[in-house]
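Please walk me through how the helices and strands of this model are arranged.

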Amino acid sequence: MAAEHEPRRAPGRELEVDTFDANLIRALQEDGRASIHDLATQLEASRDYVSQRLRHLIDREGLRIVAALDPGFVGHHVLVHTRVEVDGPIAPMSREITEHPDAVFVSITSGALPLAVESRHGDLEELHAMLDQLRRFPSVRRLAVSTYVEILKGFFVSHQREPFALDSVDHELISVLQGDGRISYRALAEAVHLSPSSARARVQRLIDAGVIRISALKSGGISRNRLAIGVGITASGDPAPIRQFIHDTPDVDFAARSHGTYDFIATLVGSSSAHLLTVLDRLRAIPEAGSIDTWMHYDIIKEDYARSLGRVLGRVS
């Protein structure tokens, strides 16, 4: 029998700790409220080991599991990826950009455009206001802007969304889950003055309607078991094979069809540079992937999809 603190794998086949942690994070990105029992079954490990690694990731590696409102439901219909060419130090400007409420992702990267910003806006006027703010920084030399027209993969974007009217209890539930997506239903029920069964039913209803997703975020984004590469793809011919590659490749954490600088933008995440290079070579082998730009995420300084409920207050029943 395998020891309780080790994955149930024979010597030579058991998962390395880094790979195990990466797989655990990915499982929690798919379902942030998955039970320890279900995670253990999925990862072929003991419940004690899964619980131990999860505590380590949360307490020491900055893993957060939070609820986020789907951008379409919250009124953010313009989703944009911007890469910034900067003359001089990047850190001072990047810190200021993180304060902008529409910026949900800010990363210092490799390459000629060493700052990547993902932002979400209610309309084009809000987008242009943010782009103008970026251009006013004296160190900014150029912006390369792509607008997402279809999210192909994204842990904080719902697969489908149904009409839904939030009431005041829903607001309270979402607020608590934005702080701790794995809070027990008993504690959640106490916080919003419901029974545990009612709290469970309401949370599931919010998830099923596509209002929220509960998923994992890794503080800082990068670690020895999580490397991230941004990819910008310009299609040549029928883009269908590129879409299929994105759909079939589990290393693609995020991907969108876009207009502007690139036809597709994706993020590849893996536990080693060698593995990610293999994935990139598979992408480069697709004839329709006419041009591919890549950038390494050195420091993800903001990744916050737990947006305010302010835009949907009018929908409270």
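Some questions and replies about helix packing and strand pairing follow.

This is a predicted model, in which local features need pLDDT of at least 70, side-chain atom pairs count only at pLDDT 80 or more, and totals for chains, interfaces and linings use all residues. Residues are numbered from 1 along each chain as its sequence is written, and side-chain values use heavy atoms, with hydrogens and water left out.

Me: Are α1 and α2 parallel or oblique to each other?
Reply: Helices here are DSSP runs of H or I with at least four residues, and strands are runs of E with at least two, numbered from the N terminus. The axes of α1 (residues 17-30) and α2 (residues 36-43) come within 11 Å and cross at roughly 125°. Axes are lines fitted to C-alpha atoms, for helices over the stretch in contact, and angles run from 0 to 180 degrees between N-to-C directions. Under 35 degrees counts as roughly parallel, over 145 as roughly antiparallel, 65 to 115 as roughly perpendicular and the rest as oblique, so α1 and α2 are oblique.

Me: Which residues of α2 make the contact with α1?
Reply: Contact means heavy atoms within 4.5 Å. From α1 come Phe20, Asn23, Leu24, Ala27 and Leu28. From α2 come Leu39, Gln42 and Leu43.

Me: In what order do the eight strands close into a barrel?
Reply: Two strands pair if DSSP finds at least two bridges between them. The pairing in this barrel is antiparallel. The order is β2-β4-β3-β10-β7-β9-β8-β5.

Me: Which residue in β5 is the bridge partner of Arg83?
Reply: β2 (residues 78-86) and β5 (residues 140-153) pair in the antiparallel sense over eight bridges. In β5, the partner of Arg83 is Ala144.
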